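Welcome, and please open the model in your viewer. We will go from stop to stop, selecting a few residues at a time.

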Amino acid sequence: MRSRVTMALSQKELSTLLNLLSEENVNHYNCTLEAIRGAFYRNFTRQDYFRVGTALTVLLQERDLLPQPAQRIAAVFLLLELYHTEPISSNPFASFLAELLKPSIEDERTAVGLPCGHHLSPAEISFVAELIQPSSPRDIVSC
């Protein structure tokens, strides 16, 4: 019997991911990126990583789905965490991450009525850039 390969998260998996990234969870005073990482590893296995990463890219592309900066930072952190033992160039989401780090053109898009897309604020870009640095201390996640 063949095992069925699915590219999308199940409803339960998506619910778990959305709960990890919920406003209530990421804004909780004791919830650090380290705590989110721990909860992620308790709920997902390595076989889930690509599907989770794909879901994270979709969530990050729709600002309404992750409206708070802390939610977007947590999502990007998890996207990096999925393949943290490999060089960033081996991360299948590296090009998406690079796109996120481009300066925002939100004002121009809003002025002509186009959606703002998935660009991060300057503060979010700076934080994510620190996370991507290979020499970046892993302690940043528990601050």
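Contact, a word used at many stops on this tour, means heavy atoms within 4.5 Å. Helices (H or I, at least four residues) and strands (E, at least two) are DSSP runs, numbered from the N terminus. This is a predicted model, in which local features need pLDDT of at least 70 and side-chain atom pairs count only at pLDDT 80 or more, while totals for chains, interfaces and linings use all residues. Residues are numbered from 1 along each chain as its sequence is written, and side-chain values use heavy atoms, with hydrogens and water left out.

**The whole protein**

Begin with a cartoon view. The protein has eight helices and zero strands. Of its 143 residues, 37% are buried; buried means under 20% relative accessible area, exposed over 50%, and partly exposed in between (1.4 Å probe, protein chains only). Among contacts between residues at least 6 apart in sequence, 60% join residues at least 24 apart.

**Stop one: helix α1**

Select residues 11-20, which form α1. Which residues of α1 are buried? They are Glu13, Leu17 and Leu20. Looking down the axis of α1, you will find these buried residues within an arc of 60 degrees, so they line one face of the helix. (The arc is that of the directions from the helix axis to the C-beta atoms.) On the other side of α1, Gln11, Lys12 and Asn19 are exposed. Now show what covers the buried residues of α1: this includes α2 (23-26), α3, α4 and α5.

**Stop two: Leu9**

Step back to Leu9, in the segment before α1. Leu9 is buried, with a relative accessible area of 15%. Leaving aside neighbours within four places in sequence, Leu9 is in contact with Leu14, Leu17, Arg51, Val52 and Ala55. Try the distance tool on the C-alpha atoms of Leu9 and Thr54: they are 9.0 Å apart in space and 45 residues apart in sequence.

**Stop three: α1 against α4**

Two packed helices are described by the angle between their axes and the distance between the axes. Axes are lines fitted to C-alpha atoms, for helices over the stretch in contact, and angles run from 0 to 180 degrees between N-to-C directions. Add α4 (residues 49-61) to α1: the two pack at an angle of about 55 degrees, with their axes 11 Å apart. That makes α1 oblique to α4; angles under 35 degrees count as roughly parallel, over 145 as roughly antiparallel, 65 to 115 as roughly perpendicular and the rest as oblique. To see the contact, show Glu13, Leu17 and Leu18 of α1 with Arg51, Val52, Ala55, Leu56 and Leu59 of α4. By class, this contact has six nonpolar, no polar and two charged residues. Here Ala, Val, Leu, Ile, Met, Phe, Trp, Tyr, Cys and Pro count as nonpolar, Asp, Glu, Lys and Arg as charged, and the others, Gly among them, as polar.

**Stop four: α4 against α5**

Keep α4 and add α5 (residues 69-81). Their axes come within 10 Å and cross at roughly 150 degrees. That makes α4 roughly antiparallel to α5. Here Gly53, Leu56, Thr57 and Leu60 in α4 meet Arg72, Ala75, Val76, Leu78 and Leu79 in α5. These residues divide into six nonpolar, two polar and one charged.

While Leu78 is on screen, add Arg37, which lies in α3 (residues 33-43). The C-alpha atoms of Arg37 and Leu78 are separated by 7.0 Å, though 41 residues apart along the chain. Is Arg37 buried or exposed? Arg37 is buried, with a relative accessible area of 15%.

**Stop five: helix α8**

Last, select α8 (residues 122-132), whose buried residues are Glu124, Ile125, Val128 and Leu131. They cover an arc of only 120 degrees around the axis, which puts them on the same side of α8. The face turned away from that buried side carries the exposed Pro122 and Ala123. The buried residues of α8 pack against α5 and α6 (94-100).

Bring α5 back: the axes of α5 and α8 come within 11 Å and cross at roughly 20 degrees. The two helices are therefore roughly parallel to each other. Finish by showing Pro69, Arg72, Ile73, Val76, Phe77 and Leu80 in α5, which meet Glu124, Phe127, Val128, Leu131 and Ile132 in α8. By class, this contact has nine nonpolar, no polar and two charged residues.
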